[in-house]
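Reader: I should like to learn how the features of a protein model are read. May we take them one at a time, with the general idea before the case?

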Amino acid sequence: MSALPAFENVYGAPPLELCGDTSRLPQFSPLIPGALDLHDVAPASLGPITMLAPPGTIERRYALALALRALKPDATLTALAPKDKGGTRLAGDMEALGCTFHESSKRHHRICVTQSGGDAKTMAQAIADGAPRFEEELGLWTQPGVFSWNRIDPGSAMLMNHLPDFSGRGADLGAGLGVLAHGVLASPKVTALTLIELDGRAIACAKRNVTDARVQFLQADVRKLNVPDLKALDFIVMNPPFHDGGAEDKSLGQAFIKTAASLLKKGGRLYCVANRHLPYENVLKDNFRRVTMVAEEAGFKIYEAMA
Ligand SMILES: C[S@@+](CC[C@H](N)C(=O)[O-])C[C@H]1O[C@@H](n2cnc3c(N)ncnc32)[C@H](O)[C@@H]1O
């Protein structure tokens, strides 16, 4: 394949060997703190963009349609995805959005290059389908692409059933839509709760879902936290992620456990739920003074760990 078209903007982290170093370009992925939002870009105003297209169909078509709407006339959208993470469906998405495109394949990725000019009606529908919305059944604001966006995760539901009445200052690491916060804030002795989450879409929804004056929101990578005020906490709750970029990554949950230990005061408590198969016991024991398994049900374990 010939070289990809030049680009001035980036969505996500396309592979270095395909797109070169994109780290200094304006970033539009909601999974990167500080990124701009394609939704806010005026139509027909953006220079060429390369996009590592997200894996979920609704979120992928939403992102593609937003990018197409934003592009200046004649600016290119280079969309790529690994074949097993949406890549084989990219061409179908482009067709569905009414685009003329060129498809190629390189390094296990499918690559579609197109210019603005998709079908206005289907693009508007894709944007509506992927937008934040209030889901009556969940009783929450949510958005396709966010973790467990259209159902309560069974691990989180189980953790909710086992939360003690916390008191003092705490945090929820990987807070998602703010599901656990509702359980934590039921205790009037809780004075402050910080919801920390990487996904900007989830944070935006959580702000609408959790309207309690005791709560603060922070879009950040829990592995790289640097918040001087957030220390000596009384408690932490979490349902840590174990997927990064679609692949299982046990080190992610283990890093969450180490961060939790570093944020708690001596005697502070971590409540954590995890799939039974995940190897968290040793990391918990290495980083906490006392670790207790509170419950084991339906493939999940809940741990209480004292710092
Ligand atoms: C298993 S989900 C739990 C979500 C929420 N607490 C719940 O119970 O529904 C894990 C969350 O961690 C977030 N996450 C993934 N990697 C992260 C990171 N490095 N830093 C902060 N949050 C992250 C995901 O976006 C996801 O919302």
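Reader: Which residues are closest to the ligand, and how many residues surround it?

Author: One begins by listing the residues around the molecule. In this predicted model, 19 residues surround the ligand, the closest being S156, G174, G176, L198 and P241.

Reader: Which elements each supply at least two residues of the shell around the ligand?

Author: Helix α6 (179–185) and strand β9 each do so. By character, the shell around the ligand divides into 9 nonpolar, 5 polar and 5 charged residues.

Reader: Strand β9 has now been named. To which strand is β9 joined by 6 bridges, and is the pairing parallel or antiparallel?

Author: Strand β8 (residues 168–173) is joined to β9 by 6 bridges, and the two run parallel. As one instance, G170 has L193 in β9 as its bridge partner.

Reader: What is the order of the strands in the open sheet?

Author: The sheet has 7 strands in the order β10-β9-β8-β11-β14-β16-β15, and its pairing is mixed. The edges are β10 and β15 (290–297); each has a single partner strand, so one side of each is left without a neighbour in the sheet. On average, neighbouring strands of this sheet are turned by 15° against each other, direction ignored.

Reader: How should one read the buried residues of a helix?

Author: An α-helix has 3.6 residues a turn, so residues three or four places apart point the same way. In helix α7 (residues 200–209), the buried residues are R201, A202, I203, C205, A206 and N209.

Reader: Against which strands do the buried residues of α7 pack?

Author: They pack against β7 (140–142), β9 (190–197) and β10 (215–219).

Reader: What does the sign of phi tell one?

Author: Most residues other than glycine have a negative phi. Here S148 has a positive value, near 45°, and lies in the loop between β7 and α5 (154–162). A298 likewise has a positive phi, near 45°, and its place is in the loop between β15 and β16 (300–306).

Reader: Is A298 buried or exposed?

Author: A298 counts as exposed, because it has 10 C-beta neighbours inside 10 Å and the cut-off for exposed is 12 or fewer. S148, with 16 other C-beta atoms within 10 Å, is partly exposed.

Reader: How many helices and strands does the chain have?

Author: The chain has 9 helices and 16 strands. Its radius of gyration is 21 Å, close to the 19 Å that the globule rule gives for 307 residues, so the chain is as compact as a globular protein of that length. Of these 307 residues, 44% count as buried.

Note on methods: Residues numbered from 1 in each chain as written. Predicted model: local features only at pLDDT ≥ 70, side-chain atom pairs only at ≥ 80, totals over all residues. Buried ≥ 20, exposed ≤ 12 C-beta atoms within 10 Å, placed from the backbone. Helix = DSSP H or I, 4+ residues; strand = E, 2+ residues; numbered from the N terminus. Contact = placed C-beta atoms within 7 Å. Rg over C-alpha atoms; globule rule 2.2 N^0.38 Å. Pairing = 2+ DSSP bridges. Axes fitted to C-alpha atoms, helices over the stretch in contact; angles between N-to-C directions. Near = placed C-beta within 6 Å. Nonpolar A, V, L, I, M, F, W, Y, C, P; charged D, E, K, R; others polar.
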